[in-house]
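Hi everyone, thanks for coming. Have a look at the model on the screen, and then I'll talk you through a few things in it.

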Amino acid sequence: MTVRVAPEWLALREPADAAARSTELLEPLRAWLPSGPLVIHDLGAGSGANTRWLAPRLPGPQRWVLYDNDADLLALAAAGDARTADGSQVAVETCLSDLTRLRPDDLAGTSLVTASALLDLLTADEVESLVDAIVPAGCPALFTLSVVGRVEPHPADSWDAEITAAFNDHQRRVVPGRGRLLGPDAVSATARAFRRRGWTTMVRPSPWRLDSGRPSLLTRWLTEWCEAAVVRRPGLATPVEAYLARRGRACEAGELRVAVHHADLLVLPGEHGVVVGEGSGQARQ
């Protein structure tokens, strides 16, 4: 799997990501972690934002193994200064690798597998392969910030729903040589895959809240969201041009707010009697 992401985009979104990630999943996660040094594998690590957010919220010492297929991003991640809850520096290793080829042996001795903004970029077969690599390790896995297909702009516009649908279609596009991406269906598909293997799943919302406090991110997200919709449905080009003009004026006036919904998924080895449904936030026995 080859996905190139610009470092400036990762830097722009990092504060919004940090504010969005669910803290509710940290307590059950920490309860599952072993005492003593932790070995954490971060899949699709990018520039290391996941490490910077999660490491201070977990006990130390920690050794992180960062996987990505972009050597420049891995170099940025390795140069970071992530610290654990007790202030000690995180030990970091990098692995230039296609994470869809991850095997169980790669995760031997792992305390936690984690990834951010990854699942929606995978196909169903790639998710199954990922689950098959994690399950033999018997360690928890935390997947954060996967899109779920819902966007809520305020104030509303008559074109919101059609652009959202076109964007979601784009997220589910077929990639030659790989298959159809899961896009907004990724969290549900991944949770089902783990439950079929007898694991417990917990899902919590992690929405971006974009407004005039993050104008650069709001503007870039809005533009790229619309561009993806037009790629999927070229007939939207003219109405989207007018839509972006209206939204641009609202941005400049500080009137536009958007909730871009994501979900975080925690999976734990074994059945524990409670499964939290995808996106519902409600537990069922």
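I'll go through the cavities and then one helix.

Quick housekeeping: this is a predicted model, where local features need pLDDT of at least 70, side-chain atom pairs count only at pLDDT 80 or more, and totals for chains, interfaces and linings use all residues. Residues are numbered from 1 along each chain as its sequence is written, and side-chain values use heavy atoms, with hydrogens and water left out.

So, how many cavities of 30 Å³ or more turn up in a search of the whole structure? Two. A cavity here is a set of points on a 1 Å grid over the protein atoms alone where a 1.4 Å probe fits but cannot get out, and lining residues have an atom within 4 Å of a point. Volume means the space filled by probe spheres set on the points.

The largest cavity comes to about 50 Å³. Its lining includes Gly48, Arg52, Leu66, Asp81 and Val92. The second largest holds about 30 Å³, and among the residues lining that one are Asp211, Pro215, Cys251 and Leu256.

Now helix H6, residues 160–171. Helices are DSSP runs of H or I, at least four residues, and strands are runs of E, at least two, numbered from the N terminus. Why do we expect H6 to span 16 Å? Because it has twelve residues at 1.5 Å a residue, and its end C-alpha atoms are indeed 16 Å apart. The expected span is 1.5 Å times one less than the number of residues.

Several H6 residues are buried, including Ile163, Phe167 and His170; buried means under 20% relative accessible area with a 1.4 Å probe, protein chains only. The buried residues of H6 pack against strand S5 (141–154), helix H8 (215–232) and helix H9 (237–252), with contact meaning heavy atoms within 4.5 Å.

Conventions
1 Å grid on protein atoms, 1.4 Å probe; cavity = no way out; pocket = protein on both sides within 12 Å on 5 of 7 lines; lining within 4 Å. Buried < 20%, exposed > 50% of the residue type's maximum accessible area, 1.4 Å probe, protein only.
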